[in-house]
Amino acid sequence: MLEILAITTPIFLLIGAGYLAMGTRLVNREQLQGITTFVLYFALPALVIRAVTQNPLDEVLRPHYLLAYGLGSLAVFVFALLLTLGLQRKPLSEGAIHALGMSASNSGFIGFPVAAMVLGASPAAVFLALNMLIENLLIIPMALILAEVGRQRGAGIATVARKTLFRLVRNPILVGLALGLLLAVTDTALPRPLAQAVDMLANASGPAALFVIGGTLFGLQVRGMMNDVGQIVAGKLILHPLAVLGVFLLIPEADPMLLAGALLFACAPMISVFPLLGQRYGMAGVSAATLMVATLSAFVTLSVAIWAIKSSGLLPAG
């Protein structure tokens with residue numbers, strides 16, 4: 001237990017530092033947005049480039065991982081839609097945001113820092129790149145397309161899909177992934193000064209990302225929304241890891257390291273921009289409160305996941 005706390009406590013101390021900095025007004029929203037921009041547009045893309053270029057390409061593009069994590073996430077997404085639309089009779093836009101919250105992890109800001117401490121920075125960065133593919137090319141586009149269809153009932157789905165995909169191809173993390181794959185395929189090495197700059201940016205991604213999460217949580221309220229909040233949080237922190245685990249168990253001879261990485265990322269809370277996306281579709285309060293509750297609750301689920309991974313022998317003890 002002390003070993004697990006040694007891994008998770010620094011993560012949540014950094015989140016707490018961001019929260020405290022906002023609470024004591026050491027930083028304001030504009031300054032926090034500047035740190036967020038640094039992480040999204042510089043640090044995380046550099047991390048992905050380093051992961052793709054410093055490992056053999058066949059170690060980065062893991063079909064088993066993409067299949068298992070992708071199918072597990074997709075199953076939760078579909079379940080959330082069936083629950084919200086079929087049983088609860090919610091509007092399509094609201095159902096799509098619920099599904100997004102349950103099936104898309106905060107891979108960059110929480111999943112990667114935790115996985116780096118448990119598995120090591122290099123494999124964690126590879127898992128980050130794989131998760132970015134799944135989340136940015138499958139889960140997020142599906143959710144945004146469905147939400148836009150529900151919001152713009154007069155617009156055709158092809159028009160909505162085209163606009164959504166156009167925004168996604170400008171995602172800086174996907175740009176970093178594309179650049180890294182290009183360098184890896186062409187076997188092109190970065191000049192030494194540029195490679196060192198990429199390393200420095202990549203090393204800054206974890207601490208800065210956790211600080212941003214803490215600052216984002218400051219001031220969020222949960223009153224009067226516990227039914228929706230509890231449903232999304234339970235779907236993300238319990239159902240999503242179980243679905244990913246279930247698909248992995250169906251794959252013969254799956255690499256234990258891949259399973260360990262998938263579980264850690266699946267146990268992370270939802271993507272940090274969840275409140276921003278929810279606000280567009282009339283779910284500002286619910287999505288912000290959900291992010292806060294899920295991030296705090298993830299301390300428990302991540303600790304349980306780390307204990308399960310270590311006690312099951314997926315990784316060497318110690």
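**View A. Aromatic pairs, of which the count comes to six, with F38 and F42 shown.** Rings of Phe, Tyr and Trp (its six-membered ring) pair if their centres lie within 6.5 Å; planes under 30 degrees apart count as stacked, over 60 as edge-to-face and the rest as tilted. The pair of F38 and F42 is stacked, with 6.4 Å from centre to centre and 20 degrees between the planes. This is a predicted model, in which local features need pLDDT of at least 70 and side-chain atom pairs count only at pLDDT 80 or more, while totals for chains, interfaces and linings use all residues. Residues are numbered from 1 along each chain as its sequence is written, and side-chain values use heavy atoms, with hydrogens and water left out. Both F38 and F42 belong to helix α2 (residues 29–53), where they are four residues apart, about one turn of the helix. Helices (H or I, at least four residues) and strands (E, at least two) are DSSP runs, numbered from the N terminus. An α-helix has 3.6 residues a turn, so residues three or four places apart point the same way. How exposed are the two rings' residues? F38 is partly exposed, at 30% relative accessibility, and F42 is likewise partly exposed, with a relative accessible area of 47%. Here buried means under 20% relative accessible area, exposed over 50%, and partly exposed in between (1.4 Å probe, protein chains only).

**View B. The stacked rings of Y65 and F127.** The ring centres of Y65 and F127 are 5.2 Å apart and the planes stand at 15 degrees, so this pair counts as stacked. Y65 is placed in helix α4 (residues 63–87) and F127 in helix α7 (residues 121–151), so the pair ties together parts that are 62 residues apart in sequence. Are these two residues buried or exposed? Y65 is buried, at a relative accessible area of 0%, and F127 is buried as well, at 3%. Ring pairs join Y65, Y69, F127 and F248 into a cluster.

**View C. The surroundings of S93 in helix α5 (residues 92–103).** With 9% relative accessibility, S93 counts as buried. A polar atom of the S93 side chain lies 2.7 Å from the backbone oxygen of A147. A polar contact is a pair of N or O atoms within 3.5 Å; within protein, one must be able to donate a hydrogen and the other to accept it, and residues adjacent in sequence count only if both atoms are side-chain atoms. Which residues does S93 contact, leaving aside its neighbours within four places in sequence? They are A147, G150, R151 and Y281, where contact means heavy atoms within 4.5 Å.

**View D. S103, also in helix α5.** S103 is buried, at 0% relative accessibility. A polar atom of the S103 side chain is 2.7 Å from the backbone oxygen of A99. Apart from neighbours within four places in sequence, S103 is in contact with S73, V76, F77, I139, K236 and H240.

**View E. N136 in helix α7.** N136 counts as buried, at 6% relative accessibility. Its C-alpha is 9.2 Å from the C-alpha of A104, although N136 and A104 are 32 residues apart in sequence.

**View F. Helix α12 (residues 256–266), largely enclosed by the rest of the structure.** Why is helix α12 described as largely enclosed? Nine of its eleven residues are buried, so the rest of the structure largely encloses the helix. Among the buried residues of α12 are L258, L259, F265 and A266. At the start of α12, the backbone nitrogen of M257 has a side-chain oxygen of D255 within 3.0 Å.

**View G. A nonpolar surface patch formed by V300, V304 and W307.** Together the three residues V300, V304 and W307 have about 330 Å² of accessible area. Patches are made of residues with over 30% relative accessible area and no salt bridge (a side-chain nitrogen of Lys or Arg within 4 Å of a carboxyl oxygen of Asp or Glu); like charges are joined within 9 Å, and nonpolar side chains (Val, Leu, Ile, Met, Phe, Trp, Tyr) within 5 Å. Accessible areas come from the Shrake-Rupley method with a 1.4 Å probe, and for residues only the protein chains shown count as cover. W307 is found in helix α14 (residues 284–311) and is exposed, with a relative accessible area of 53%.

**View H. The chain as the setting of the close-ups, with 14 helices and zero strands.** Of the 318 residues in the chain, 52% are buried. Among contacts with a separation of 6 or more, 84% are between residues 24 or more positions apart. The accessible surface of the chain comes to about 14300 Å², and 69% of this belongs to carbon and sulfur atoms.
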